[in-house]
Amino acid sequence: MVNYKVQVLEGGEFPTEDAYVEHYQKMFYKYTNMDERDCYIEFPLEAFQCREFIDQFDIGLPSTLRTYGLETKQMTPNFVAIKEFLEKRFNLLVDDTDENNPLIYIPKRQSSSR
């Protein structure tokens, strides 16, 4: 979401790749620390169902393992296996409440479907 906001709100032409990277890093930090009310952008619910969005969860799975004091030493992590382990061992598919959850209407995918 922050990446999208930076691209939409702060995009433009830059004289060099270094200038772009420097600008992007500053703006990413700015929007990461900003209150959502101060930089709200309408984001379609369908975007949360796209492959790129789902893939971001897979990429973050090894970091989630670390929050439980675990790690994977695989060069290419088996995201499906890590996800299934976390779902079963730590009940990650169980949420205390769906109140104010904008993602509640998105069907949950089965781990084995991938």
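## Helix H4

On the other side of H4, away from its buried residues, Lys88 and Arg89 are exposed. This description rests on a predicted model. The buried residues of H4 are Ile82, Lys83, Leu86 and Glu87. Viewed along the axis of H4, these buried residues lie within an arc of 130 degrees, so they line one face of the helix. Helix H3 (51–67) is included in what covers the buried residues of H4.

The length of H4 can be checked against expectation. Helix H4 comprises twelve residues (residues 79–90), which at 1.5 Å a residue should span 16 Å; the C-alpha atoms at its ends are 16 Å apart, in agreement with that value. The expected span takes 1.5 Å times one less than the number of residues. After H4 comes Asn91, and the phi of Asn91 is positive, near 50 degrees.

## Overall architecture

The protein contains four helices and zero strands. Read from the N terminus, its elements follow the order α-α-α-α. Among contacts with a separation of 6 or more, 49% are accounted for by residues 24 or more positions apart.

Of the 114 residues of the protein, 18% count as buried. The protein exposes about 9200 Å², and carbon and sulfur atoms supply 54% of that area.

## Lys5 in helix H1

Lys5 belongs to helix H1, which covers residues 2–10. The relative accessible area of Lys5 is 5%, and the cut-off for a buried residue is under 20%; Lys5 is therefore buried.

Which residues are in contact with Lys5 once its neighbours within four places in sequence are left aside? They are Glu10, Glu36, Cys39 and Ile41. Of these, Glu10 is the last residue in the range of H1 (residues 2–10).

## The second largest pocket

The second largest pocket has a volume of about 290 Å³. Its lining consists of Met1, Asn3, Tyr4, Phe43, Ala47, Cys50, Glu52, Phe53 and Gln56. H1 and H3 are the elements that give two or more residues to this lining. H3 gives the most, with three residues.

Helix H3 thus appears in two settings: H3 is included in the cover over the buried residues of H4, and H3 gives three residues to the lining of the second largest pocket. Helix H1 likewise holds the buried residue Lys5 and gives two or more residues to the lining of that pocket.

Methods: Residues numbered from 1 in each chain as written. Predicted model: local features only at pLDDT ≥ 70, side-chain atom pairs only at ≥ 80, totals over all residues. Heavy atoms only, no water. Buried < 20%, exposed > 50% of the residue type's maximum accessible area, 1.4 Å probe, protein only. Contact = heavy atoms within 4.5 Å. Arc of directions from axis to C-beta. Areas by Shrake-Rupley, 256 points an atom, 1.4 Å probe, with all protein chains shown as cover. 1 Å grid on protein atoms, 1.4 Å probe; cavity = no way out; pocket = protein on both sides within 12 Å on 5 of 7 lines; lining within 4 Å. Points joined across faces, edges and corners; volume = space filled by probe spheres on them.
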